[in-house]
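Open the model in your viewer and set it to cartoon. Keep a selection box ready, and follow the stops in order.

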Amino acid sequence: MEPAICNYNGLEYNPSDPRFENLSKRAIKKLLKHDLWEATKDEKRLALREKTKLKRSEKRSEKRQKIEQGLIEPTPTKKKLAFLSELTNIGLIMDCAFNDLMEEKELYSLINQIGYAYGKNKIAPKSMKFCLSSVDASLTAPLNEKLPSWSSWKNVTVLPNSYLDNFDHNDLVYLSADSDNVIQELEQGKHYIIGAIVDKNRYKSLCQNKAMGQGIQTARLPIGEYIQMSTRKVLTVNQVCEIMLKWLEYKDWKKAFLEVIPGRKLVIPAVEEEA
Ligand SMILES: C[S@@+](CC[C@H](N)C(=O)[O-])C[C@H]1O[C@@H](n2cnc3c(N)ncnc32)[C@H](O)[C@@H]1O
């Protein structure tokens, strides 16, 4: 006798298939759901990609029309933004002295973050004096490999030695989530140091202890004073840099945090969420 063929949402299957033996109805359904996904995933992904492409092109032509009608300004190019960027008297130092504490993957991630931070600083309406300190071969080698364009970066000071040898102690502020001091505003003439490390919180208080040992002032961003985060308030190198740039642009910490910190890391108070 021919085996009975059944149908699950268009997927034909044989209920007496040994795969289904001793399985509950629920388990069979789960298996079939998985089979169905496997059989249709390429098609579904392609359809989704096409849909997104179409939406994007519709949006683009809508925007073009609005620009032509003079309803909106065209988005300035990065070149134009860089040209318009105003350099402040505030320094941003990436302390690159932690390379031997990172795994290779983390070091590559750090390199991406530094590149991203540099790019954001370059086109920010108000930019900072960008500096990399303690730069040695353990950083330049992977930089040359992963981000060869770094050698032509403009307006960046690359120091082979520590910031201590190059700046006045009193002008330095080491940024650390573990500091008891809270930044109210970024001050002209100061150089803010960011610990250039990706450590997934392995080294607690690393930068705070380093700065204290060197007799340098430390400070944390006023995150808890303006927003509630669902995770620890330790941010990545590029997020800290971007928040500083946004603050320089808006002079509004809350706006800066909300524009940079990913939504999934925020706890939105119920009242605001409803609004
Ligand atoms: C991934 S964190 C490094 C965490 C590291 N365990 C430490 O001891 O700081 C990278 C750097 O971003 C800066 N940073 C991160 N979160 C911050 C916060 N909430 N306030 C101030 N600086 C912060 C610090 O300079 C920190 O060294």
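Select helix H3, residues 104-123. H3 lies across three strands: S3, S4 (126-133) and S5. Its direction runs at about 150° to S4. This is a predicted model, so local features are described where pLDDT is at least 70.

Now select helix H7, residues 237-250. H7 packs on the sheet and touches S3, S4, S6 (172-175) and S7. The angle between H7 and S4 is again about 150°.

**The sheet**

Hide the helices and look at the strands alone. What is the strand order of the open sheet? Six strands run S5-S4-S3-S7-S6-S8, and their pairing is parallel. Find the edges next: strand S5 (156-158) and strand S8 (217-219) each pair on one side only. On average, neighbouring strands in this sheet are turned by 30° against each other, direction ignored.

**Strand S3 and its two partners**

Select S3, residues 86-95. Seven of its 10 residues are buried, so the strand is mostly covered. On one flank, seven bridges join S3 to S4 in parallel. On the other, five bridges join S3 to S7 (residues 191-195), also in parallel.

Show three residues of S3 as sticks. Gly91 stands opposite His191 in S7. Met94 has Leu132 of S4 as its bridge partner. Asp95 has a residue opposite it in each neighbour: Ser133 in S4, and Gly195 in S7.

Stay a moment with S4. Six of its eight residues are buried, and S4 is mostly covered.

**Strand S7**

Move to S7. Why is this strand called largely enclosed by the rest of the structure? Five of its five residues are buried, and buried here means under 20% relative accessible area.

Turn the view to see the two faces of the strand. His191, Ile193 and Gly195 point one way from S7. Tyr192 and Ile194 point the other way. These residues are all buried.

Add S6 to the selection. Three bridges join S6 to S7, and the two run parallel. Pick out Val173, whose bridge partner in S7 is Tyr192.

**The largest pocket**

Switch on a surface. The largest pocket has a volume of about 690 Å³. Which residues lie nearest its centre? They are Ala177, Asn201, Val234, Leu235 and Thr236, out of 32 that line the pocket.

Colour the lining by element. H3, S6, S7, helix H5 (206-214) and H7 each supply at least two residues to the lining. Then colour by residue class: 16 lining residues are nonpolar, eight are polar and eight are charged.

**The second largest pocket**

Select Tyr118, Lys122, Lys154, Asn155 and Val156. Of the 24 residues lining the second largest pocket, these lie nearest its centre. The space in this pocket is about 470 Å³.

Bring back the cartoon for S3, H3, S4 and S5: each gives at least two residues to this lining. By class, the lining divides into 10 nonpolar, 11 polar and three charged residues.

**Trp253**

Leave the pockets and select Trp253, in helix H8 (residues 253-260). Is this residue buried or exposed? Trp253 counts as buried because its relative accessibility is 4%, under the 20% cut-off.

Show its surroundings. Leaving out residues up to four places away in sequence, Trp253 touches Ile183, Gln184, Glu185, Leu186, Leu221, Pro222, Tyr226, Ile243 and Trp247. Draw a distance from Trp253 to Leu221: their C-alpha atoms are 8.9 Å apart, with the two positions 32 residues apart in sequence numbering.

**Glu21**

For the last stop, select Glu21. Glu21 is found in the loop between strand S2 (11-13) and helix H1 (25-68). Its relative accessible area is 54%, so Glu21 is exposed, the cut-off being over 50%.

Finish with one more distance, from Glu21 to Lys204. The two are 183 residues apart in sequence, and 53 Å apart in space from C-alpha to C-alpha.

Methods. Residues numbered from 1 in each chain as written. Predicted model: local features only at pLDDT ≥ 70, side-chain atom pairs only at ≥ 80, totals over all residues. Heavy atoms only, no water. Pairing = 2+ DSSP bridges. Helix = DSSP H or I, 4+ residues; strand = E, 2+ residues; numbered from the N terminus. Axes fitted to C-alpha atoms, helices over the stretch in contact; angles between N-to-C directions. Contact = heavy atoms within 4.5 Å. 1 Å grid on protein atoms, 1.4 Å probe; cavity = no way out; pocket = protein on both sides within 12 Å on 5 of 7 lines; lining within 4 Å. Points joined across faces, edges and corners; volume = space filled by probe spheres on them. Nonpolar A, V, L, I, M, F, W, Y, C, P; charged D, E, K, R; others polar. Buried < 20%, exposed > 50% of the residue type's maximum accessible area, 1.4 Å probe, protein only.
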